[in-house]
Amino acid sequence: MYKTILIPVSGKNGLDRAKSALNHAKNLACGDIVLLHIFEPLPQIVGGEAHAELLAEQKAKGQTLLNTVAAEMEKPAGSVRCRVEEGTTAETIIRVAHEENADLIIMFTDGRDGLQDMLLGSITERVLRNTDTPLLAIRR
């Protein structure tokens, strides 16, 4: 049993995958499940009030997505927490896993998707290579 499980949730196909990951996590968790949504860093060209508005908009979209996923959870409400972060995906997953003292990260993988994945590796692969937190990779 794991005390804290981190589940990254993306906007594209994220809802179905997150629900499936929650089913896995429910059987493995004896503590908290942390749902994480990451949005790409905003361009530095935009500044001031416009930057703050865009940041708030991205955070609200992410929180709405996570609230939808959390509503599917049958565990007590206090055991599912949501975080919305700005940053590059793999690095942010690793950082948040350490901040939350996660015992397990659950991610889905499609395998390699194209030239970028061939050169850099998939997000799941980059997380696996750079974290010391156990990772459960589920093939779609």
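1. A good place to start is the salt bridge between Glu-100 and Arg-81, whose closest N and O atoms are 2.8 Å apart. The two come from distant parts of the chain, 19 residues apart: Glu-100 sits in the loop between α3 and β4, and Arg-81 in strand β3 (residues 80–86). Glu-100 counts as buried, at 14% relative accessibility, while Arg-81 is partly exposed at 31%. Please keep in mind that this is a predicted model.

2. Next, look at Glu-85 and Arg-95, another salt bridge, with 3.3 Å between the closest N and O atoms. Because Glu-85 belongs to strand β3 and Arg-95 to helix α3, the pair ties together parts 10 residues apart in sequence. Here Glu-85 is buried, with a relative accessible area of 17%, and Arg-95 is partly exposed at 33%.

3. These pairs have company. A network of salt bridges links Asp-32, Arg-81, Arg-83, Glu-85, Arg-95, Glu-99 and Glu-100. The count of salt bridges in the model comes to nine.

4. For a pair within one helix, see Glu-57 and Lys-61, a salt bridge with its closest N and O atoms 3.7 Å apart. Both residues lie in helix α2 (residues 48–71), four residues apart, or about one turn of the helix. Glu-57 is partly exposed, with a relative accessible area of 41%.

5. Finally, do visit helix α5 (residues 123–130), where Thr-124, Glu-125 and Val-127 are the buried residues. They share one side of α5, because they cover an arc of only 160 degrees around the axis. These buried residues pack against α3 (89–99), β4 (104–109) and β5 (135–139). On the face of α5 turned away from its buried side you will find the exposed residues Arg-129 and Asn-130.

How values were computed:
Residues numbered from 1 in each chain as written. Predicted model: local features only at pLDDT ≥ 70, side-chain atom pairs only at ≥ 80, totals over all residues. Heavy atoms only, no water. Buried < 20%, exposed > 50% of the residue type's maximum accessible area, 1.4 Å probe, protein only. Arc of directions from axis to C-beta. Contact = heavy atoms within 4.5 Å. Salt bridge = Lys/Arg side-chain N within 4 Å of Asp/Glu carboxyl O.
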